[in-house]
Amino acid sequence: MHRSGPLSSKAADEVDRTAAAAMGKQRPSQSQQVSREVCSGGGPECQQGSKIQLSRVMRPDDANIKGNIHGGIILKMIEEAGGIVGTRHCNTLNGDRCWVALVRVEKTEFLFPVFIGEVVHVSAEITYTSKHSLEVQVKVVAENILTGTKKLANKAALWYVPCSLQNADKILEVPPITYANAEREEEGRKRYEAQKIERHETKARLEEAMPPPPNPERHTVGFSQSSLIHLVGPSDCTIDDYVYGGVTMKLMDEVAGIVSARHCNTNIVTASVDAINFHRKIRKGCVVTVTGRLTFVSNKSMEIEVLVDAASLVNEEKGRYRAVSAFFTFISLDKDNKPLPVPPLKIEGEDEQRRFEEGKARYLQNKAKRLADKERQQ
């Protein structure tokens, strides 16, 4: 699910650079010492080292009834690329073998819609490493192979930590990368410190999702609140039997889409996702409950808080715990894919009013940032 909008000259340049990399026209710098391998058997194109690219055609089962590819599908592909490049990098040293666990996805904007039949190229690169974590930046380019046109559909930054295969609770050290210059390293360090603070702040304000009241009035929080229950199976998990972050994000996008569709009863698409925080790992055999509720509604957008709780199906004494949390923003579209006004949200109670005011503050902050970014690009 995506939102369309004008592509700036800066974004267009990024498309050109990403597309060139996808076609092998850009050579890696000597400091990266990256070698290329092409996977056989029609699989994705791969690149060893600190970069990787995955590509595949979008199919009808990836899309909604209007032909727009679900935002959850794009998020899942982003995490797959990040997980591969991160795990490869963290296993370049002798010692414990590991897999990387996703702990955070920074705010993600869906810049352009992606449609059935287009080829999506997901390019991931490690851009910063601390002692126990690494940042992977990802670009998603959609290509129409009939016309040859390409568009930058999405950008994201993900944070991972390497977990030992012998003991999933043991966090291993991350091999350092070589930076182009000291400024790049310092910028990465600042991003690392900022996300670390925000993850701690998010944990402090987590709260329970209350069940909706019986027979709620239309356009209230309770009317559109929705939950999805999913049993975690082998196909959802890594080789160490923990859920892929992309699987969880796809479920979250589905629930947020149901909430927004119930509120406005129209075609809806994902516009953006605020930072997604992964608080605890989810193991195979757990039952996850994904709950979404409206927190704020503007003229043409809806903010949905999505909470993921997990509990073991066989070990009830371990109890239920909060695994993931995030805010999704959706917009309503008419039959021509033009934004529609969103029905106002009817607030009931002090808690809903507080969450509405907090959502409004996030909305105004994000709007100011977009305007500032637009002015810098002009």
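In the predicted model, F296 lies in contact with a set of residues that are more than four places away in sequence: S301, M302, E303, L345, F356, G359, K360 and Y363. F296 itself belongs to strand β12, which spans residues 286-297. The residue counts as buried because its relative accessibility is 6%, and the cut-off for burial is under 20%. One of the residues touched by F296 is K360; the two are separated by 64 residues in sequence, yet their C-alpha atoms are 6.3 Å apart in space.

A further set of contacts is centred on R362, a residue of helix α6, the helix that covers residues 350-377. When residues up to four places away in sequence are set aside, R362 touches D274, T295, E303, F327 and R355. E303 thus appears in the contact list of R362 and also in that of F296. With a relative accessible area of 17%, R362 is classed as buried.

At the level of the whole chain, the secondary structure consists of six helices and 14 strands. The chain has 378 residues, of which 50% count as buried. Contacts between residues at least 6 apart in sequence were also examined, and 73% of them join residues at least 24 apart. The accessible surface of the chain amounts to about 19000 Å², and carbon and sulfur atoms account for 52% of that area.

Two positions, N64 and D253, carry the annotation "active site" in an unreviewed UniProt entry. These residues are spread over 190 residues of sequence but cluster in space, the largest C-alpha distance being 12.4 Å. N64 is placed in the loop that runs between β3 (51-57) and α2 (71-90). Although located in a loop, N64 counts as buried, since its relative accessibility is 15%. Beyond its neighbours within four places in sequence, N64 is in contact with H70, N267 and I268. D253, in turn, is part of helix α5, which comprises residues 245-264. D253 has a relative accessibility of 1% and is therefore also classed as buried. A polar atom of the D253 side chain lies 3.1 Å from the backbone nitrogen of G72. G72 falls within the residue range of α2 (71-90).

Helix α5 is also flanked by two loops in which individual residues were examined. On one side, D241 lies in the loop between β9 (226-231) and α5. D241 counts as partly exposed, as its relative accessibility is 26%. Apart from residues up to four places away in sequence, D241 touches I282, R283 and K284. The C-alpha atoms of D241 and I282 are separated by 8.7 Å, while the two residues are 41 residues apart along the chain. On the other side, N265 occupies the loop between α5 and β10 (267-273). The relative accessibility of N265 is 60%, so this residue counts as exposed.

The backbone geometry of N265 was also noted. Most residues other than glycine have a negative phi. N265, which is not a glycine, has a positive phi of about 55°. A positive phi, near 65°, is likewise found at N337, again a residue other than glycine. N337 is located in the loop between β14 and α6. Its accessibility class is partly exposed, because the relative accessible area of N337 is 30%.

On the surface, L231, L313 and V314 form a nonpolar patch whose members together have about 320 Å² of accessible area. Of these residues, L313 is found in the loop between β13 (302-312) and β14 (321-333). L231 is the last residue of the range given for β9 (226-231).

Another pairing of residues distant in sequence involves helix α3 (residues 182-204), in which E187 is found. E187 and Y128 are 59 residues apart in sequence, whereas their C-alpha atoms are 9.0 Å apart in space. E187 is classed as partly exposed because its relative accessibility is 42%.

Notes. Residues numbered from 1 in each chain as written. Predicted model: local features only at pLDDT ≥ 70, side-chain atom pairs only at ≥ 80, totals over all residues. Heavy atoms only, no water. Patch = residues over 30% accessible without salt bridge, like charges linked within 9 Å, V, L, I, M, F, W, Y side chains within 5 Å. Areas by Shrake-Rupley, 256 points an atom, 1.4 Å probe, with all protein chains shown as cover. Salt bridge = Lys/Arg side-chain N within 4 Å of Asp/Glu carboxyl O. Helix = DSSP H or I, 4+ residues; strand = E, 2+ residues; numbered from the N terminus. Buried < 20%, exposed > 50% of the residue type's maximum accessible area, 1.4 Å probe, protein only. UniProt positions renumbered as here; feature names shortened; annotations may be inferred. Contact = heavy atoms within 4.5 Å. Polar contact = N/O pair within 3.5 Å; in protein donor to acceptor, adjacent residues only side chain to side chain.
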